[in-house]
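Biologist: I would like to go through this structure with you step by step, with the reasoning spelled out for a first-year student. Could we begin with the helices and then turn to the loops?

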Amino acid sequence: MSVRPLPAGETTTWRASAREWLRSGNSLPFCLLAPSIFLMLAVIAYPMLTGFYYGFTTGSLLKTGKFVGFDNYIRLLQSADFLHALWFSLIFAVFNVIGCYVLGLGLALLMNQDVPFRGFFRVALLLPWIVPSIVSIVSWRWMMADQHALFNQIIGLFGGSPIYFLSDEHWAIAAVIAIKIWRSFPFMMLSLLAALQGIDRSLYEAASLDGASRWNQFRYVTLPQLSNISIVLCLLMTIWTVNDFDTPWLLTQGGPANATENLVLLAYRYTFGRNDVGLGSAVSFITLAILMVLVVILLRRQRER
């Protein structure tokens, strides 16, 4: 099928229109955004598309390999390691979001009151979020590493037996979740505190005049006013938790027996441990698909509210 060239008159008109648009002020925003757009495409789009292609190959770190279609994804869905990592990622995210929200909301409500040394406590409670992860997590590991660590020495003072926090599967999972909550609650607290300070005080005055108790004011005034920001915070916290590599890796390296291995650690182990870029990329894009579905559901719920 041949393509009909534009007549000379139409070409001249198109060029004149383009030249006029460039001279007008309407083109300035696009010209200013162009470098950022190209940078985003180079830094984000190209690696993402490349990784998506690798998920359909049998490549390694040194060789691309051959195209195998959906074989990597089928292998993952039949793999016990993947199912366990998916289950742990779910448990990790649910408990962290709930723990961070409850603890963050409680402290935000307290810091919103006129308590002594409120400024000091606001700064001190941000320390777990400010301290670099390698410093804080390695410090926690030293405190619970073996029977001679700090926690077991304290347990021994009360006549208890040593607890091997990082060697027992159940204790390791509990430790990873607890430390993740400790690292993440300051962000939740700070965001909820900002939202609390933006609530119109006249709503509480009207509720008090209607005879509402403190609990009813919290239930029918505070929580509805925090609903939108709460959905966004829970969404962000879920994404950060599922993508968290630092906490389980620095604390347990995914052990014992891969009990604390989430999807991100599994992708790392496949890619750099087994030198299988195809499976590692497939794990990453399954994780991306799960998070995208979650984002759509929560944002739709926010829009409905």
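Biologist: How many Å does helix α11 (residues 214-242) span between its end C-alpha atoms, when a straight helix of 29 residues would span 42 Å?

Modeller: Please keep in mind that this is a predicted model. At 1.5 Å a residue, a straight helix of 29 residues would span 42 Å. Helix α11 is not straight along its course, for α11 bends by about 50° at Ser227. Between its end C-alpha atoms, α11 spans only 36 Å.

Biologist: Is α9 roughly parallel or roughly antiparallel to α11?

Modeller: The axes of α9 and α11 come within 10 Å and cross at roughly 150°. Angles over 145 degrees count as roughly antiparallel, and therefore the relation of α9 to α11 is roughly antiparallel.

Biologist: Which class, nonpolar, polar or charged, has 11 residues in the contact of α9 with α11?

Modeller: In α9, which passes α11 in a right-handed crossing, the contact is made by residues including Phe187, Met188, Leu192 and Leu196, and in α11 by residues including Leu226, Ile229, Leu233 and Trp240. By class, the contact of α9 with α11 has five polar residues and one charged residue, while the class with 11 residues is nonpolar.

Biologist: How is α7 oriented to α9, given that helix α7 (residues 133-144) and helix α9 (residues 169-197) pack at an angle of about 140°?

Modeller: The axes of α7 and α9 lie 12 Å apart, and the angle at which the two helices pack is about 140°. Since only angles over 145 degrees count as roughly antiparallel, this angle makes α7 oblique to α9.

Biologist: Which residues of α9 meet Ser133, Ser136, Ile137, Trp140 and Met144 in α7?

Modeller: The crossing of α7 and α9 is right-handed, and the residues of their contact divide into six nonpolar, two polar and one charged. On the α9 side, the residues that meet those of α7 are Ala175, Ile179, Trp182 and Arg183.

Biologist: Which residues of α13 meet Asp81, Phe82, Ala85, Leu86 and Ser89 in α4?

Modeller: Helix α4 (residues 80-111) and helix α13 (residues 263-273) have axes that come within 8 Å and cross at roughly 150°, and α4 and α13 are therefore roughly antiparallel to each other. The residues of this contact divide into six nonpolar, one polar and two charged. In α13, the residues met by those of α4 are Leu263, Leu266, Arg269 and Tyr270.

Biologist: Which residue does a cis peptide bond join to Gly255?

Modeller: Most peptide bonds are trans. Here, however, omega is about -5° at a bond whose second residue is found in the loop between α12 (246-252) and α13. The residue joined to Gly255 by this cis peptide bond is Pro256.

Biologist: What is the phi of Gln253, which is not a glycine?

Modeller: Most residues other than glycine have a negative phi. Gln253, whose place is in the loop between α12 and α13, has instead a positive phi of about 55°.

Notes
Residues numbered from 1 in each chain as written. Predicted model: local features only at pLDDT ≥ 70, side-chain atom pairs only at ≥ 80, totals over all residues. Heavy atoms only, no water. Axes fitted to C-alpha atoms, helices over the stretch in contact; angles between N-to-C directions. Helix = DSSP H or I, 4+ residues; strand = E, 2+ residues; numbered from the N terminus. Parallel < 35°, antiparallel > 145°, perpendicular 65-115°, else oblique. Left-handed = near helix turned anticlockwise from the far one by under 90°. Contact = heavy atoms within 4.5 Å. Nonpolar A, V, L, I, M, F, W, Y, C, P; charged D, E, K, R; others polar. Expected span 1.5 Å × (residues − 1). Bend = angle between axes of the 7 residues up to and from the residue.
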